[in-house]
Amino acid sequence: METETATRWLTDAEQCAWRTHLDVNRLLTHQLERDLQPFGLTMNDYEILVNLSESEGLRMRMSDLASATLQSKSRLSHQITRMENADLVRRENCESDRRGLFAVLTEHGLETMQRVAPHHVASVRRHFIDLLPEDALQELHKALTPVAEHLRSHRGKP
């Protein structure tokens with residue numbers, strides 16, 4: 001590992017962009033979370049419901065779901081237990097791997113997803129999408145794609 005001899009401090013413009021990103025990320029996440037509360041869901045719940053609803057057979061291996069939602073297997077297990085108690089998901093054994101488990105979207109979970117999704121999309125529009133012109137959204141996507149790709153390729157690495 002190379003030793004850095006000098007810290008590359010952020011310029012004023014870089015500092016401004018970084019802090020704006022942090023501010024928007026925290027505020028938007030907080031607002032979206034608040035908008036899901038009347039439905040008894042958290043952002044983590046919603047993300048799991050989305051992943052399962054978009055998966056073949058409305059199911060995912062627990063290890064794949066943990067990876068997709070950036071949660072430890074232990075944390076996801078606790079989350080799934082809570083969601084099982086609300087009849088949103090259930091666990092099923094994996095026939096091909098005795099140690100493997102699937103998280104499966106229940107009928108109630110799918111109905112919940114279908115009921116909540118329009119409200120969540122409206123919230124995303126109200127607090128993010130509709131505040132930016134189309135060209136800014138395209139530029140934002142273009143600017144953030146390399147960052148997302150870099151972070152995906154470095155998951156689990158220092």
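Biologist: How many aromatic pairs does the structure hold?

Modeller: This is a predicted model, in which local features need pLDDT of at least 70 and side-chain atom pairs count only at pLDDT 80 or more, while totals for chains, interfaces and linings use all residues. Residues are numbered from 1 along each chain as its sequence is written, and side-chain values use heavy atoms, with hydrogens and water left out. Rings of Phe, Tyr and Trp (its six-membered ring) pair if their centres lie within 6.5 Å, and the planes count as stacked under 30 degrees apart, edge-to-face over 60 and tilted for the rest. By that rule, the number of aromatic pairs in the structure is 0.

Biologist: Over the ring of which residue does the charged end of Arg-59 sit?

Modeller: A charge sits over a ring if NZ of Lys or CZ of Arg is within 6 Å of the ring centre and within 35 degrees of the ring normal. The charged end of Arg-59 is 5.2 Å from the centre of such a ring. The ring belongs to Phe-102.

Biologist: How many salt bridges does the structure hold?

Modeller: Side chains of opposite charge can pair when their charged atoms come close. A salt bridge is counted when a side-chain nitrogen of Lys or Arg is within 4 Å of a carboxyl oxygen of Asp or Glu. For this structure, the count is 6.

Biologist: Which strands hold Glu-92 and Arg-59?

Modeller: The side chains of these two residues meet in a salt bridge, 2.7 Å from N to O. Helices (H or I, at least four residues) and strands (E, at least two) are DSSP runs, numbered from the N terminus. The pair ties together parts that are 33 residues apart in sequence, because Glu-92 lies in strand S2 and Arg-59 in strand S1.

Biologist: Which residue is linked with Arg-59 and Glu-92 in a network of salt bridges?

Modeller: Arg-59 is at 28% relative accessibility, so it counts as partly exposed (buried is under 20% relative accessible area, exposed over 50%, partly exposed in between, with a 1.4 Å probe and protein chains only). Glu-92, at 21%, also counts as partly exposed. The other residue in their network is Arg-90.

Biologist: How many residues apart are Arg-126 and Asp-35?

Modeller: Their side chains meet in a salt bridge of 3.4 Å, N to O. The pair links distant parts of the chain, with Arg-126 in helix H5 (residues 107-127) and Asp-35 in helix H1 (residues 12-36). Arg-126 is partly exposed at 47%, and Asp-35 is partly exposed at 21%. Along the chain, their separation in residues is 91.

Biologist: Is Asp-130 buried or exposed?

Modeller: Asp-130 meets the side chain of Arg-125 in a salt bridge (3.0 Å, N to O). Arg-125 counts as partly exposed at 41% relative accessibility. Asp-130 is at 52%, so it counts as exposed.

Biologist: Why does Ser-55 count as buried?

Modeller: Ser-55 is found in the loop between helix H2 (43-53) and strand S1 (59-61). A polar atom of its side chain lies 2.7 Å from the backbone oxygen of Asn-51. Ser-55 counts as buried because its relative accessibility is 17%.

Biologist: What is the phi of Leu-58, roughly?

Modeller: Leu-58 lies in the loop between H2 and S1, and it counts as partly exposed at 26% relative accessibility. It is not a glycine, although its phi is positive, at about 55°.

Biologist: And what is the phi of Asp-87 near?

Modeller: Asp-87 is in the loop between helix H4 (73-85) and strand S2 (89-94). At 41% relative accessibility, Asp-87 counts as partly exposed. This residue other than glycine has a positive phi near 60°.

Biologist: In which helix is Leu-144 placed?

Modeller: Leu-144 forms a nonpolar patch on the surface with Leu-131, Leu-132, Leu-140, Val-147 and Leu-151, with about 500 Å² of accessible area together. Leu-144 is partly exposed, at 41%. Its place, at residues 134-153, is helix H6.

Biologist: How many Å apart in space are Leu-70 and Arg-155, C-alpha to C-alpha?

Modeller: Leu-70 is found in the loop between helix H3 (62-68) and H4, and it is exposed, with a relative accessible area of 64%. In sequence, Leu-70 and Arg-155 are 85 residues apart. In space, their C-alpha to C-alpha distance is 9.2 Å.

Technical notes. A polar contact is a pair of N or O atoms within 3.5 Å; within protein, one must be able to donate a hydrogen and the other to accept it, and residues adjacent in sequence count only if both atoms are side-chain atoms. Patches are made of residues with over 30% relative accessible area and no salt bridge: like charges are joined within 9 Å, nonpolar side chains (Val, Leu, Ile, Met, Phe, Trp, Tyr) within 5 Å. Accessible areas come from the Shrake-Rupley method with a 1.4 Å probe; for residues, only the protein chains shown count as cover.
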